[in-house]
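Below are some comments on the structure, set out as numbered points for a colleague who will want to check each one against the coordinates. The salt bridges come early, since they depend on a cut-off that should be stated before any pair is named.

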Amino acid sequence: MTATIVPDYHELQERLAPLRQGRSLALTNGCFDLLHVGHVRLLSAASTQAELLVVALNTDESVHQTKGEGRPLVPLEERMEIIAAIEGVDFVTSFPETLANDLLDALRPDVHVKGTDWTEDTVPEREIVAAYGGRIAICGDEKRHSSTEIIKRR
């Protein structure tokens with residue numbers, strides 16, 4: 001494992017403070033249920049946006065609220081361990097909300113990274129990122145991969 005797992009993002013906020021002295025921070029978030037090549041490509045691109053990369057995963061309850069019955073297929077602890085093993089990821093955390101507003105307000109990354117299924121204008125957290133002076137980066141390959149679609153093919 002290459003990344004540090006800190007399940008509570010409030011604790012991560014405290015741990016990041018001394019590490020951010022003169023270093024930029026990128027954050028991306030999502031369910032990351034059934035890891036696929038689109039996730040790997042997003043994380044690889046996200047790691048080039050700043051000197052430190054935090055990946056925040058929705059908790060099992062927030063995945064269930066967003067994705068519905070039977071989700072997530074992979075429990076949070078396992079999803080976090082898988083993401084932590086990916087090169088370029090520095091920290092993995094989780095958040096219980098369906099939107100990342102509170103997470104972003106706490107960590108205030110220099111760059112909030114979203115996949116290509118978003119535009120800078122459609123990112124739900126865009127106002128909070130703008131309010132603290134951060135920027136949004138759209139990264140990864142064209143959105144052709146989806147955990148939901150993989151599950152539907154079963």
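1. A salt bridge is taken here as a side-chain nitrogen of Lys or Arg within 4 Å of a carboxyl oxygen of Asp or Glu. By that criterion the side chains of D110 and R20 form a salt bridge, with an N to O distance of 3.4 Å. This contact links distant parts of the chain, 90 residues apart, with D110 in the loop between α5 (101–107) and β5 (111–115) and R20 in the loop between α1 and β2. Both partners are partly exposed, D110 having a relative accessible area of 34% and R20 a relative accessibility of 23%. The model is a predicted one, and the distances in this note should be read with that in mind.

2. In total the structure holds six salt bridges, and a second one worth inspecting is that between the side chains of R15 and E11, at 3.8 Å from N to O. Here the two residues are four apart in helix α1 (residues 9–19), and therefore they are separated by about one helical turn. R15 is partly exposed at a relative accessible area of 39%, and for E11, also partly exposed, the value is 39%.

3. A further salt bridge joins the side chains of K114 and E125, with 4.0 Å from N to O. This pair, too, links distant parts of the chain, since K114 lies in strand β5 and E125 in the loop between β5 and α6 (126–131), 11 residues apart. Buried or exposed, where do K114 and E125 fall? Both K114 and E125 are buried. As general background, side chains of opposite charge can pair when their charged atoms come close.

4. Turning to the sheet, six strands form an open arrangement in the order β1-β4-β3-β2-β5-β6, and the pairing is parallel. The edge strands are β1 and β6 (135–139), each of which pairs on one side only. Neighbouring strands of this sheet are turned against each other by 25° on average, with direction ignored.

5. The pairing around β4 can be followed strand by strand. Strand β1 (residues 4–8) pairs with β4 in the parallel sense over three bridges, and T4 stands opposite F91 in β4. On the β3 side, five bridges join strand β3 (residues 52–58) to β4, and these two strands run parallel, with L57 standing opposite S94 in β4. L57 of β3 also has G30 opposite, and the strands β2 and β3, which run parallel, are joined by six bridges.

6. How many of the residues of strand β4 (residues 91–95) are buried? The strand is mostly covered, with five of its five residues buried. F91, T93 and F95 point one way from β4, whereas V92 and S94 point the other way, and all are buried.

7. On the cysteines, a search of the whole structure finds zero disulfides. The sulfur of C31 has its closest cysteine sulfur in C139, 19 Å away, and is therefore too far for a bond, given that a disulfide requires cysteine sulfur atoms within 2.5 Å. C31 counts as buried at 13% relative accessibility, and C139 likewise counts as buried, at 8%.

8. A nonpolar surface patch of about 210 Å² is made by L35, V40 and I82. One of these residues, L35, is placed in the loop between β2 (25–30) and α2 (37–46). L35 is partly exposed, with a relative accessible area of 34%, and it can count towards the patch because a patch residue needs over 30% relative accessible area.

9. A last point concerns L12, which lies in helix α1 and is buried, with a relative accessible area of 0%. The C-alpha atoms of L12 and G38 are separated by 26 Å, the two residues being 26 residues apart along the chain.

Key: Residues numbered from 1 in each chain as written. Predicted model: local features only at pLDDT ≥ 70, side-chain atom pairs only at ≥ 80, totals over all residues. Heavy atoms only, no water. Patch = residues over 30% accessible without salt bridge, like charges linked within 9 Å, V, L, I, M, F, W, Y side chains within 5 Å. Areas by Shrake-Rupley, 256 points an atom, 1.4 Å probe, with all protein chains shown as cover. Buried < 20%, exposed > 50% of the residue type's maximum accessible area, 1.4 Å probe, protein only. Pairing = 2+ DSSP bridges. Axes fitted to C-alpha atoms, helices over the stretch in contact; angles between N-to-C directions.
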